Amino acid sequence: MDRQRILIVEDSPTMRQLLAFALRRLKHVDIVEAQDGMDGLRKVSSDHFDLALIDINMPVMDGLKLISLIRGEDNLKDIPIVVITTEGAKEDRDRALALGANEYLTKPIRADRVLAVAKDLLKSRD
Amino acid sequence: MGSERDDLFAHGEEFLQFFKRGAEFTKELLVENERLRGKLATLRQEQSDAARTPEQWEKYRKELAARLNSLEQEYEVVRARLRQAEEENQQFAARYLEIEEENNNLANLYVASYQLHSTLDLDEVLKIIVEIVINLVGAEVFAVYLLDGSTGELGVAASEGAAIEEFPPCSLDSGVLSEVLETGEPWCTEPTQSANLESPIVGIPLIVQQRPIGLIAIFGLLQQKDGFSELDHELFSLLGGHSATALFAARLYSQSERKLNTIQGFIDLLTK
């Protein structure tokens with residue numbers, strides 16, 4: 001079975017570690033971390049990814065900008081995107097989903113919820 | 001004369017064919033007869049095996065009833081075992097969920113403690129505490145108070161949701177937060193809809209070797225967070241212990257660094 005690649009774009013090292021910790025329970029996945037939107041864009045453009053987990057509030061480039069750039073690129077637009085954010089308002093959720101996010105999870109996150117969402121989206125890439 | 005002979009031969013041949021067919025038919029009849037005889041013998045045997053008298057019929061009926069009864073009992077036993085297996089299955093499923101939950105909680109606690117002890121830089125430690133309180137607890141408005149050794153007062157060292165100067169001073173003599181420091185135990189109350197900087201909803205004392213060094217006060221939660229879970233209480237305890245030691249170690253380290261630099265500067269001055 002081919003290994004699948006997941007990109008975590010999150011400025012908080014604590015959250016990156018927690019998400020990576022949870023996602024490593026999935027089999028056959030490689031996890032790459034990026035510390036802000038710009039770093040995320042560089043990494044997603046230079047390699048193949050099957051899933052991206054993106055925070056909204058980040059320095060340098062925020063998550064919404066990153067999502068719109070990813071969805072605007074022909075070779076990247078099909079990557080499933082999960083937003084993980086502190087913003088719980090409906091309008092924030094609607095904005096992210098309108099930009100092309102597949103799922104919207106609010107903090108504090110539950111590892112089992114992240115795992116379930118990641119599993120579903122990765123399955124669709126099989 | 002020749003023609004009469006030919007006719008005679010033809011009749012003879014015809015008779016011979018007729019006789020052969022008769023012989024074959026007879027053979028077939030004999031085989032069929034044998035088969036029917038066998039069938040009759042089987043039926044007779046079955047008849048003789050079956051009840052010959054009403055008593056025998058009664059005996060057979062009782063045997064069959066007993067067999068039916070035994071099968072019904074067996075069925076009940078199997079059903080009971082199935083019910084038991086289903087119950088066990090449900091218990092295992094519930095236990096699995098519990099273990100999953102514990103596993104997730106432990107992951108959060110592990111990551112929090114790992115991050116807290118990953119640096120000896122005071123600002124970094126404060127940043128990590130803020131990250132944990134936002135991302136793992138789900139707080140929106142809070143402050144980290146540290147005790148000033150020289151003045152003996154609590155001052156805000158880091159905050160989120162409002163500027164440092166907006167947070168009220170924390171008195172050591174009165175108020176819920178001073179009680180938190182006195183008891184040394186994390187405290188929390190029902191969260192409110194909006195944050196009020198005068199009314200904390202969580203107080204986490206930061207204590208090292210029975211000596212308070214500060215506290216974390218939470219005034220408001222993220223809008224999607226509507227209460228505190230078991231994990232939150234564990235996080236409060238972890239934050240109380242591990243944040244305190246991480247802050248204490250970072251302070252000691254920065255003081256020793258400063259002293260080392262001063263001594264090094266002094267030595268440089270003397271040796272020049």
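**Chain contact, sheet and a buried residue in a predicted model**

In this predicted model, 20 residues of chain B are in contact with 17 residues of chain A.

Biologist: Which element gives the largest share of the side of chain B that touches chain A?

Modeller: Two elements of chain B give two or more residues to that side: helix H2 (54–116) and helix H3 (122–137). By character, the residues on that side divide into 10 nonpolar, seven polar and three charged. The largest share, eight residues, comes from H2(B).

Biologist: Which strands stand at the edges of the open sheet in chain B?

Modeller: The sheet has five strands with antiparallel pairing, in the order S2-S1-S5-S4-S3. A strand at the edge has a single partner strand, so one side of it is left without a neighbour in the sheet. The edge strands of chain B are S2 (154–160) and S3 (187–188).

Biologist: What is the bridge partner of Leu146(B) in S2(B)?

Modeller: Strand S1 (residues 139–147) of chain B pairs with S2(B) in the antiparallel sense, over six bridges. In S2(B), the partner of Leu146(B) is Gly155(B).

Biologist: At what angle does helix H5 of chain B run to S4(B)?

Modeller: Helix H5 (residues 230–271) lies across S1, strand S4 (202–208) and strand S5 (211–221) of chain B. Its angle to S4(B) is about 45°.

Biologist: Is Ile84(A) buried or exposed?

Modeller: Ile84(A) is found in strand S4 (residues 81–85) of chain A. Beyond its neighbours within four places in sequence, Ile84(A) is in contact with residues including Leu53(A) and Ile109(A). With 23 other C-beta atoms within 10 Å, against a cut-off of 20 or more, Ile84(A) is buried.

Conventions: Residues are numbered from 1 along each chain as its sequence is written. Chains are lettered from A and ligands numbered from 1 in the order in which they are written. This is a predicted model: local features need pLDDT of at least 70, side-chain atom pairs count only at pLDDT 80 or more; totals for chains, interfaces and linings use all residues. Two strands pair if DSSP finds at least two bridges between them. Helices (H or I, at least four residues) and strands (E, at least two) are DSSP runs, numbered from the N terminus. Two residues are in contact if their C-beta atoms, placed from the backbone, lie within 7 Å. Axes are lines fitted to C-alpha atoms, for helices over the stretch in contact, and angles run from 0 to 180 degrees between N-to-C directions. Ala, Val, Leu, Ile, Met, Phe, Trp, Tyr, Cys and Pro count as nonpolar, Asp, Glu, Lys and Arg as charged, and the others, Gly among them, as polar. A residue is buried if 20 or more other C-beta atoms lie within 10 Å of its own, exposed if 12 or fewer, and partly exposed in between; C-beta atoms are placed from the backbone.
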